[in-house]
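Thank you all for making time this morning. I would like to walk you through one model, and I will go slowly for those who have not seen it before.

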Amino acid sequence: SGPGAGRVPGPQVVRPEPNDSGFVPAVRSLVLSRDAPVARLVRSVILRALASSPAAFDACLRRYRLLLLQARDATEAGVRADRAALRRWAGEPPEQTVLWQLLGDEPGSAELDLDDLGVLDELIRRAAMASERPDAKARRLVELLADGHRTLVFTSSRDTALWLPRWIDPAPAWCPGEAAGIGHTRMPRPAVLAGFAPGAQGLAGRLPNVLVTTEVAAEGPDLQGARRIIHYDL
């Protein structure tokens, strides 16, 4: 009960030990596209997922593999994959806005390298194995949450928001979109978010102390019952 006891520290950067997975060199070894801007954009999306969690990385690679298979089928049918298909896969992260302006609209401007399929299969196998255990960042998060402060954990990845609760004890609330719940129990989204409104009680009131969510809860709901925000992907 010394000075500042029970207070939550101000903004800070927490750097966990780096994961020794070898995934970054493997991602950088992918050809992706002969068009440098296209390759740069695809690589940035994959690395962004890797930076979030093994689960997000695994899901991103699987989606990209499906995109390559579609591109292969299109090529065999005499049709080139277009920029729209690549954009649907990549999503709309703000930092990619400039890159999109560099991509041409002419046929073949989003042509992808199909020779990456074999490398992707091995990467997906390794990513799936990595997602079966917490990585260094997830373990560091668990250490931070051990102090019992009511906490919002924000991630930009829906896959990460569904994966993180597996390693947090007691079971946290989660809300990666319209779906929501506490632990293994699905609940209405408003009921889950209401548990972090001002005046809502923590574990003593049978409500979890932690909410893992995406940007879906960043605007609108009153979540000021939490004492701390952790931006997990940062």
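Let me begin with the sheet: in what order do its six strands lie, and is the sheet open or closed? This is a predicted model, in which local features need pLDDT of at least 70 and side-chain atom pairs count only at pLDDT 80 or more, while totals for chains, interfaces and linings use all residues. Residues are numbered from 1 along each chain as its sequence is written, and side-chain values use heavy atoms, with hydrogens and water left out.

The sheet is open, its six strands follow the order E4-E3-E2-E5-E1-E6, and the pairing is mixed. Helices (H or I, at least four residues) and strands (E, at least two) are DSSP runs numbered from the N terminus, and two strands pair if DSSP finds at least two bridges between them. Strand E4 (185–186) and strand E6 (228–231) stand at the edges with a single partner strand each, so one side of each has no neighbour in the sheet. Strand E1, residues 151–154, pairs with strand E5, residues 210–213, in the parallel sense over four bridges, and Phe154 has Thr213 in E5 as its bridge partner.

Just after E1 comes a loop leading to helix H8 (158–163), and Ser156 sits in that loop. Ser156 is partly exposed, at a relative accessible area of 31%, where partly exposed lies between buried, under 20%, and exposed, over 50% (1.4 Å probe, protein chains only). Leaving aside neighbours within four places in sequence, Ser156 is in contact (heavy atoms within 4.5 Å) with Arg48, Glu215 and Asp233. Its side chain makes polar contacts with the side chains of Arg48, at 3.5 Å, and Asp233, at 2.6 Å; a polar contact is a pair of N or O atoms within 3.5 Å, and within protein one must be able to donate a hydrogen and the other to accept it, with residues adjacent in sequence counting only if both atoms are side-chain atoms.

Finally, the largest nonpolar core, meaning a set of buried Ala, Val, Leu, Ile, Met, Phe, Trp, Tyr and Cys residues joined through side-chain atoms within 4.5 Å, has 33 residues, and Val42, Trp89 and Leu112 are among those with the most contacts inside it. Helix H2 (36–52) is one of the helices that each supply at least two residues of this core, and the largest share, nine residues, comes from H2. A second, separate core of 13 residues includes Val153 and Val212.
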